[in-house]
Amino acid sequence: MQLNRTPIIDTLTGSFLVSTPRMPDPRFEEQVILICAHNNEGAMGVAVNKPNPAFSLSEILNGAHLPIPEKKLPPVYVGGPVELESAFILYQSDYQTEYRLEISPTISLSRETKVLEDIARGRGPEKFLFLLGYTGWGPGQLEQELVSDGWLTVPASDHIIFDTPDEFKWKAAAMQFGIDISTFGDYIGYA
């Protein structure tokens with residue numbers, strides 16, 4: 001007899017993972033992670049609320065021998081603990097480039113140097129985050145973590161990613177659905 005194994009979660013691509021106060025891994029305390037890809041091979045995401053004060057985008061542009069735009073640049077973010085030397089640009093999809101991962105109709109992710117060159121020359125995306133590293137899960141690993149109350153999943157919001165101050169993103173991501181994440185898990189019951 002063949003069982004129909006329909007996954008409980010089809011895909012979380014384009015969703016936020018918001019760490020709960022029950023998050024056992026201190027690296028993800030008060031994190032908001034945008035899931036960029038999720039399928040039966042695993043998941044990949046980037047944290048959107050943890051700037052890294054050790055780096056500046058001006059220094060990165062200077063190191064790449066690119067001009068530094070006159071407008072204020074966003075901070076450099078720690079996208080996650082995997083491959084911290086890998087750079088990613090998360091941006092609103094009104095800007096187009098050939099090599100990108102479309103996360104939603106309005107958000108894309110790219111590692112293409114052309115995006116950074118266009119940002120330096122004032123032709124890049126209007127709203128973007130520059131990230132070092134990412135967060136990854138093997139097959140079934142993320143689903144297992146979701147069962148243990150470490151994460152809350154909610155639909156992602158462009159406004160939270162690009163317009164909300166970093167120190168408010170964690171609470172704002174959950175509060176858009178009426179959830180006070182700072183008390184999440186204090187009152188758990190079973191019916």
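**Figure 1. Strand β8 in this predicted model is mostly covered.** Nine of the ten residues of β8 are buried. Start with strand β3 (residues 42–47), which runs antiparallel to β8 and is joined to it by three bridges. Here A43 stands opposite W137 of β8, and G45 has T135 of β8 as its bridge partner. Now look at β4 (76–78): three bridges join this strand to β8 too, but the two run parallel. Strand β5 (82–92) is antiparallel to β8, with six bridges between them. One residue of β8 to pick out is L131, the bridge partner of Y77 and also of F88.

**Figure 2. G136 sits in strand β8 and comes up against M44.** G136 and M44 are 92 residues apart along the chain, yet 4.5 Å separates their C-alpha atoms. Beyond its neighbours within four places in sequence, G136 is in contact with A43, M44, V82 and Q141. How open is G136, in relative accessible area? The value is 32%, so G136 counts as partly exposed.

**Figure 3. Strand β3 is covered on both faces.** Six of the six residues of β3 are buried. On one side these are G42, M44 and V46, and on the other A43, G45 and A47. Strand β2 (32–39) makes a hairpin with β3, with just two residues between the strands. The two run antiparallel and are joined by six bridges. Follow G45 across: in β2 its bridge partner is I35, while in β8 its bridge partner is T135.

**Figure 4. E30 and Q31 share the loop between β1 and β2.** The loop runs between β1 (15–19) and β2 (32–39). Which of these residues has a positive phi without being a glycine? That's E30, with a phi of about 55°. Most residues other than glycine have a negative phi. E30 has a relative accessible area of 37%, so it counts as partly exposed. Q31 is another story: its relative accessible area is 6%, and so it is buried. Leaving out neighbours within four places in sequence, Q31 is in contact with L17, V18, S19, A47, N49, K50, W151 and W170.

**Figure 5. H65 is a residue with positive phi in the loop between α1 and β4.** This loop links α1 (57–63) to β4 (76–78). H65 isn't a glycine, but its phi is about 60°. Is H65 buried or exposed? It's exposed, because its relative accessible area is 72%.

**Figure 6. Helix α2 (residues 113–120) has several buried residues.** V115, L116, D118, I119 and A120 are the buried ones. What covers them? The cover includes α1, β5, β7 (107–110) and β8 (128–137). Just past the end of α2, G122 takes a positive phi of about 75°.

**Figure 7. The largest nonpolar core has 26 residues.** Which members touch the most others? They are F16, L90 and I161. Zoom in on I161 and, setting aside neighbours within four places in sequence, you'll find it in contact with F16, L34, V48, L90, I107, L129 and K169. There's also a second, separate core of 15 residues, with L57, L66, Y91 and L132 among them.

**Figure 8. The largest pocket holds about 310 Å³ of space.** Its lining takes in 17 residues, and P74, P75, F128, L129 and F162 lie nearest the centre. Elements that give two or more residues to this lining are β8, α4 (158–163) and α5 (166–175). Which of them gives the largest share? That's α4, with three residues. As for character, the lining divides into nine nonpolar residues, one polar and seven charged. L129 turns up in two views: it lies among the residues nearest the centre of this pocket, and it is also one of the contacts of I161.

Conventions. Residues numbered from 1 in each chain as written. Predicted model: local features only at pLDDT ≥ 70, side-chain atom pairs only at ≥ 80, totals over all residues. Heavy atoms only, no water. Helix = DSSP H or I, 4+ residues; strand = E, 2+ residues; numbered from the N terminus. Buried < 20%, exposed > 50% of the residue type's maximum accessible area, 1.4 Å probe, protein only. Contact = heavy atoms within 4.5 Å. Core = buried A, V, L, I, M, F, W, Y, C linked by side-chain atoms within 4.5 Å. 1 Å grid on protein atoms, 1.4 Å probe; cavity = no way out; pocket = protein on both sides within 12 Å on 5 of 7 lines; lining within 4 Å. Points joined across faces, edges and corners; volume = space filled by probe spheres on them. Nonpolar A, V, L, I, M, F, W, Y, C, P; charged D, E, K, R; others polar. Pairing = 2+ DSSP bridges.
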